Structure formats: structure tokens, C-alpha cells
Amino acid sequence: MTDFVRDFETGSMEEKDLLGGKGANLAEMTRLGIPVPPGFTLTTDACRHYLATGSVPDGLWDEVATHVAALEARTGRRLGDPVDPLLVSVRSGAKFSMPGMMETVLDIGLGDRSVDGLAAQIGDPRFAWDSYRRLVQMYGKTVLGLDGERFEDALDAAKAAKGVTADVDLDADDLRALVATYTAVVAEDSGAPFPQDPGEQLRGAVLAVFRSWNSDRAVLYRRRERIPADLGTAVNVQAMVFGNRGATSGSGVAFTRDPATGAPGVYGDYLQDAQGEDVVAGIRNTLTLADLERLDRPSYDELLAIMARLEGHYRDMCDIEFTIEQGRLWMLQTRVGKRTAAAAFRIAVDLVDEGVISEEEALLRVTGGQLAQLMFPHFDPTGARSLLATGMSASPGAAVGAAVFDSDTAVRMAAEGTPVILVRRETTPDDLHGMVAAAGILTSRGGKTSHAAVVARGMGRTCVCGAETLEVDTRAGLFTTHDGTVVRQGEVLSIDGSTGEVFLGEVSVRPSPVVRYFEGSASVDEGGPVVAAVDRLMSVADKHRRMQVRANADTAEDAARARRFGAEGIGLCRTEHMFLGTRRELVERLILAEGPADRQAVLDELLPLQRSDFVEIFEAMDGLPVTVRLLDPPLHEFLPDFTELSVKVAVAEATGAPHDTDSLLLLAVHRLHEENPMLGLRGVRLGIAIPGLFEMQSQAVLEAAALVNERGGHARPEIMVPLVGAVEELRAIRTEIDDAADRARRKHSVPLEHLVGTMIELPRAALTAGAIAEAADFFSFGTNDLTQTTWGFSRDDVESSFFSRYMEAGILGVSPFETIDPQGVGRLVRIGTDEGRAAKPGLKVGVCGEHGGDPESVRYFEERGLDYVSCSPFRVPVARLEAGRAVVGG
């Protein structure tokens, strides 16, 4: 028969799957001989059975009764005894810490008869009635689901009647009257009297803890922390010890190091004459552990000795809960403590220096997500703020600036020295110059992978997307909030890309010393212990990682920044951004060209402009590979808006103004209009449909490389053809690229290496990778589009439309645009990689979508054996760290 209940003496810290974190750690402390009140644990197996079937496993209550009897024998007290009652606590304890998310019930076993026995045994009626009122209140709210405010209102009324402000000022008679009020509330609101049978109380509390696994707050917490929903929680039943037995008693929480900064030392809070829940609830101001030393030196010394022993045993910072009952110390819980990102890095390195853990283990104690938190500027939490709206946290950081509603104004004001927040309904490639100039970007539409979000992350710009309550009127230069507040151009906004919050006015910002360190503007010593810890663990990661980390960069400035951040090349240089601004007119002429001669004339004008762009990038990345993606987006993105152009032509016709060029443009826009442009004339299809376009771009890339090599540099161009779905498409374009390479070599008479590859962003490309590899030197998985085409999701729309509902319903635990979907998109990556390398051994394979900088995705790509990941410059350190962790952690 399966054992669903285990005494603390029989478990260990290794059994968290079965006993939960709390139960396993209570068992471990018991095994170590640390003073722990005796008790037992109902396993996670029992919880999972209850959640799946709606009933407890057969024989569970018999097992509980057997362990209760053993507990009674050990303590010399009996549950419900009217003379000398045993009281127990019932607490949750999942495998992963979920603080405050599930239920707790204290003082189980008290009733109308046993409360008098407890008062007599202890000689303190006030304590007994205080414990009883706590039980009725907790049981009513937690087990019976009654409105907790009913009990709080009764408590407030009792204090008001007494003329006091703290519950400790209520005497035994006051508390006896309060219990009567509480039990009346239970009878009235539940339709049944408060249960006097301690067995019924215990069973009800256990089931309440089981049910709380699926409470709204627990479900939300698991989603945020990515804790699996099928783990269930254990339940710990433990003999009560009482911190509310007068001035020589109390409860506290302590840490073996500062969980905020990681600094060595003991930190914690203590509350006299209180149970543990009082410390967490904040009903009174707590004391420090230094105060405990003054109040009870023996207990303080014992506590510090136990804390040192536990940190040495767990080899990490520990979080400890304790109770002192009339001068006797009891340990109620320990666990590896939660900490800030800064503390995580500092503690990990300090433990290495103390000889507790190795550098490799220290690397596993931190995460890329924590490093990312350290890199973002943040608002001063003490600063004044006025919340206007909340959108999606698209690109973390904090930005303050004047609201502007068009990109030209953003550039102008920024050039004049005014920081700006670019506010748009949504951004397009035409907004790039404004986005570059802006301190932050705010949109009322779009999601975390919209144009605004992707470009902002690539540039390290703070961005909030999808703030739907904002009505943005770009023509009038203002937006209106849901409550009617109007914000006009020039008014100051503060946006928090980490929370999605938008504030009116200026909120003070603190810069990140970690970014200054990576950029080389601050030394390790100037950055303090956290920066020193980051520097050290980055070295460990770089020593162990196998995958290279490249950057997505479109300009020489981006390339130089990426190199400072440790990038080992450029994995994606998007050429479409080079066709905007003053070159837009040339693109319009290309589209309007009436024949080959006109088209070639435009291409001849574009060639030197593109070439100069690539020269700068190759010089910035001297000696490192640069993957250049040929033009990808549909051409209509470079043309005026159809509606606006129609109005312009109509007005010109009505007034007799010249409009020949605009009319031709209108025809072209109409001709190129597509219902679904992301699946239309773009990528390799453009190169085939417009003869000479890709040949011109390839010539510009390769001549730029040759020029750099002539000057003594070392350019390593890799030309990538986008949106290939059939090997025949790649072969057609590869011929043009190889011809351009031959011409560049002859013209400049220098050695010129070049590779030709393709972006795998269509399911068909992944499924026919063996054939495509025959014409490719490398693959780069464009996981943004591959996710879009695999799921049938529009990445610009779904996050702001139905993703939130999918998250709430548990259909998705995380957006597949943020973290690789291993069963679908990830499987296509595996198929494409394996079949491509089977056809061409040594085929270089990388990733250049947003997933290249996502910590969890980086680990997946390491498992798949990819050669490199590429991400925005600001995410390069994160990818480096995670690539090293993936190797060390196996």
C-alpha cells in the first residue's frame, strides 16, 4: 500500500518532489538534530490524487490518524483534550517556494472545552483565547471560504470599544467576547456552527490546503514563475509552538545574508508576543535581530549558530522562520532564500571565495534573466509618480522624455537636447529614425514582438506596447486616457519597460552600472561588488560555453556596441533599414521603373550607398563574420499609405495641382497591395521578381568587403537569402551572389572569403532542409517568422488580442514568440539542423530571431548543437552567460 504520510524523522532534503520544499527541509533539520517541533507530511501524491479525483486516496485519513496518535505519544498531549490539548498547525509546502500563495491554518485542536484546559495548563487565559480567536478566523476564511473582512471588522470593533489600537492590548475577557462574535459569524455565514471536533478541523484544513493549489493567486504565481501546474503541494502537520506567550516569546524571519544586496551578515525581523503569521502580515512594527540580542541573548546566540550551520549545510543563503516560546528556540522552516538579481551574483561569488562552492556551481546559481534585470535602468522606487496607463513590458528599462507623436519631431527635439518619448499607435520601418532618437517608445497597439518591441530591444530602447486605454491622435499631437486626461506634445512622460507602466511627469531614473561596465565606461572597481561578481561569472561562462554569440546589428554604431558587449560577429544585418530616409525616393523610383534600363539606373545609384554602409560595418567588425540578410519586407512598406495618397491625388485633381508622380505612385501602391503581405511578395521572391535587386545588394556587400581587405582589414561577409521555401529559389539567387563575388575579386585583386546561406523561417524550409543544404553554406533559423508561420499567429496582433486569455486559461504558459516552443517550432529547428547536416556535414547553423537572447531558448539551442545564437547587442551578455550555463549544467 502506498504511504501518503511521512514523519519528519523519515525524510530528507532530497525528497522535495514527494515532501515539498517545506516538508523536505523540516525533515532535514530534524535529521541534523536542530530543534524542530515534531510533525508529519502528507505527500504531493495525496494532493495530486485529490485534485484529479475530487476525493482523497483510500486510507489517507487512517494514515493521518495513526501519525496523529504517534505525535500525541511523543508530546504527551492529546488533540482536543479538554485538560491538556495538543494543538497543531497545517501548512502547505510545494516543491518550489510559492510564498503566501497557498493556505495555512494554525491552532487546530482548540474548541469551547479545550480552550479552558489550555488556559489552565499554561496559566494564561489571554493566550488561550487569543489562540482560539486566531483559529476561528483562519478556519472561517481559509476552510469555509467566508469573507475575511467580517472577522477584521469585528476585531476593529473590539479594539475601538476598548479604546486601543493593537490586538495585544485586548485582555482575556475581550478575546473571549471576540471568539463569541467570530463563531456567530461562522454560523451565520456558513449555515453551520464552528466545528468542535479536532479531527474535523484537521481534515478541513488539509483539504483547504489541497484546494489552494488551484487558487487564482497560486495559478497566477506559477505562470509567472513557470512552475509546472501538475506538481501539487504537500501538507505539513506540526505540533504548535507559541510565540504569543508573553514578552519572553516571539516569532521571526531571518536570512543568513542580505537578500537585497547579498552583503554578508545576518538580517531579519522579530516580533515579541506574536505568532509567525503576525510577522508576515505586518500588524505591528517588527524589531531587528539586534533587538533580539538585547532581549534574549541565549536564544539569539543559538539562532545565529543554527543559521551558520544551515548555510554551511545547504551551501547557500538560507531563509529561516523561527519561534521562541518562553525562552526556548524552535525552527519552523528553512529554505534556500529568494534574493534580488544583485544579491544572486554577489552571493554566488562570495561563496566561491569562501571555498563553499566551485566557480562552475556559482555560474549555475545565477541566470540570464537576473543579468538582464541588472542591465536595465530603473526608476527610483521612492520617486513621486502619477500612473496614466499600463501596457505590455516590451523592452525593459526606464525612460523619461517629452511626448512626441511623429518621428521627424523626435529627431529634431532630440538634436536640440530634449529627451523624447515617441508615442504612436504603432510603429513602422519609417519610424526608425525617430526610434533611434527617442529615449523610449510608447504605442497603443502591438505586442512584445511587434515592430516597436523588436526594434526597441535591438537598440536597447525602453518600450511599452499595447497600452490600449490610450487614444492616440498623431495628427493632433495628443493622447487621451480612459479617464479623460489629455496629454499633449511636449508634456513629460515616464515609461517603465519592465512593468509596462506609463506615468505623467518625470520619475527619477537610476542608470545601470552593469551596462556602463559592459560598454567600457566604468571599470570593475567603480561598479562595486555586484559588477565585480558579474565580471567574474561572465569569464567563467565564456570559458565553458561552446556556442558563439553574435549580434543583430544594422549600423556601424550598433556593430561597435555589440562588439563591446562581447559579440563574436553579426548574425543578422537587416538591409531594409538602409533603404529608408533620404533613400526612400530611390526605392519609389525602382518600383516605378518602366523598363530594365530605368531599373538599372536606380540600382546603380543605390549601389555606392549600400557599399558605404557595409564598409563601415565590416570595419567595425574587423575579423569577425557579418551575416547580411538581403532585402526582406514587402516593397509596399516603402511606399506611402494608400488612403493618404488617394486623398492627396484627389485633392490635387480637384484643385488642378500637378500630380503625375503621385498618380503613378498610387497605381504602384494599388498594384502591390496584398491582403497578407507577410506571406506575399517579400524575401527571395523580391529578388526573383525584380531582376538585379539582390545582385546589386550582393555586389555592394562583396565590394565593401574587398575594399576593407585592400586597406589591411579582414572582412568576413556571409550573405543570407531570406524566406526560401525551395532549393530552386536559393540556387537562382546564389548564382548572382557568386558572380558578384568573382567580379569583386577581379576588380580589387584581394583574397575574399564569402559564404551564402539562407534563413530558415518557413516550415517547408525546415522539412526540406536536406535539399536546401546542397545549395547553402549555412542556415540561420529566423524563429520569429518560423513561429508565426508554424502557429498561424500574427506576431503583431495576437499578444494584444487573445494571448492574455490563452495565458489565463492555461493554454499557453509563455508566449511562443518569447521562448522557443520545443514541441513545434523547436522540433522544426531540430529537423532542419539534423537533415541539413546529414546532407552537408559541417553545415554552420545559427539562430537570429528574438529567441537568440532568451535564456531558456539559448539552453534549447545548446542541446540541439547549434553553432551560434544572434540577438540584440544589449542581450549579448545574457546569451553568453546562458550558453555557458547550458554547458556547465549539462
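**Charged residues in a predicted model**

Q: How far apart, N to O, are the side chains of Arg 365 and Asp 316 where they meet in a salt bridge?
A: In this predicted model, the side chains of Arg 365 and Asp 316 meet in a salt bridge. Arg 365 lies in the loop between α14 and α15 and Asp 316 in the loop between α12 and β11, so the pair ties together parts that are 49 residues apart in sequence. The N to O distance given for this salt bridge is 3.3 Å.

Q: Is Asp 316 buried or exposed?
A: Its partner Arg 365 has 21% relative accessibility and therefore counts as partly exposed. For Asp 316 the relative accessibility is 6%, and because the term buried applies under 20%, Asp 316 counts as buried.

Q: How many residues apart in sequence are the parts that Arg 880 and Asp 542 tie together?
A: Arg 880 forms a salt bridge with Asp 542, with 2.5 Å between the closest N and O atoms. Since Arg 880 belongs to helix α36 (residues 876-888) and Asp 542 to helix α20 (residues 524-544), the pair ties together parts whose separation in sequence is 338 residues.

Q: Which helix holds Glu 619, the residue linked with Arg 711?
A: The side chains of Arg 711 and Glu 619 meet in a salt bridge at 3.0 Å, N to O. This pair links distant parts of the chain, 92 residues apart, with Arg 711 placed in the loop between α27 and β29 and Glu 619 in helix α23.

Q: Which residues are joined into one network by salt bridges that share partners?
A: A search of the whole structure finds 62 salt bridges. Salt bridges that share partners make one network of Arg 126, Asp 130, Arg 133, Arg 134 and Asp 167.

Q: With the side chain of which residue does the side chain of Arg 550 make a polar contact?
A: Arg 550 is placed in strand β26 (residues 548-552), and at 1% relative accessibility it counts as buried. The side chain of Arg 550 makes a polar contact, at 3.0 Å, with the side chain of Glu 718.

Q: What is the relative accessible area of Glu 149?
A: Glu 149 lies in helix α6 (residues 148-162), and together with Asp 147, Glu 152 and Asp 153 it forms a negative surface patch. Glu 149 is exposed, and its relative accessible area is 55%.

Q: What is the approximate phi of Arg 315?
A: Arg 315 is found in the loop between α12 (297-314) and β11 (318-325), where it is partly exposed, with a relative accessible area of 32%. Although Arg 315 is not a glycine, its phi is positive, at about 55 degrees.

Conventions
Residues are numbered from 1 along each chain as its sequence is written. This is a predicted model: local features need pLDDT of at least 70, side-chain atom pairs count only at pLDDT 80 or more; totals for chains, interfaces and linings use all residues. Side-chain values use heavy atoms; hydrogens and water are left out. Helices (H or I, at least four residues) and strands (E, at least two) are DSSP runs, numbered from the N terminus. Buried means under 20% relative accessible area, exposed over 50%, partly exposed in between (1.4 Å probe, protein chains only). A polar contact is a pair of N or O atoms within 3.5 Å; within protein, one must be able to donate a hydrogen and the other to accept it, and residues adjacent in sequence count only if both atoms are side-chain atoms. Patches are made of residues with over 30% relative accessible area and no salt bridge: like charges are joined within 9 Å, nonpolar side chains (Val, Leu, Ile, Met, Phe, Trp, Tyr) within 5 Å. Accessible areas come from the Shrake-Rupley method with a 1.4 Å probe; for residues, only the protein chains shown count as cover. A salt bridge is a side-chain nitrogen of Lys or Arg within 4 Å of a carboxyl oxygen of Asp or Glu. Lys and Arg count as positive and Asp and Glu as negative; His and the chain ends are not counted. The place of a charge is taken as NZ of Lys, CZ of Arg, CG of Asp or CD of Glu.
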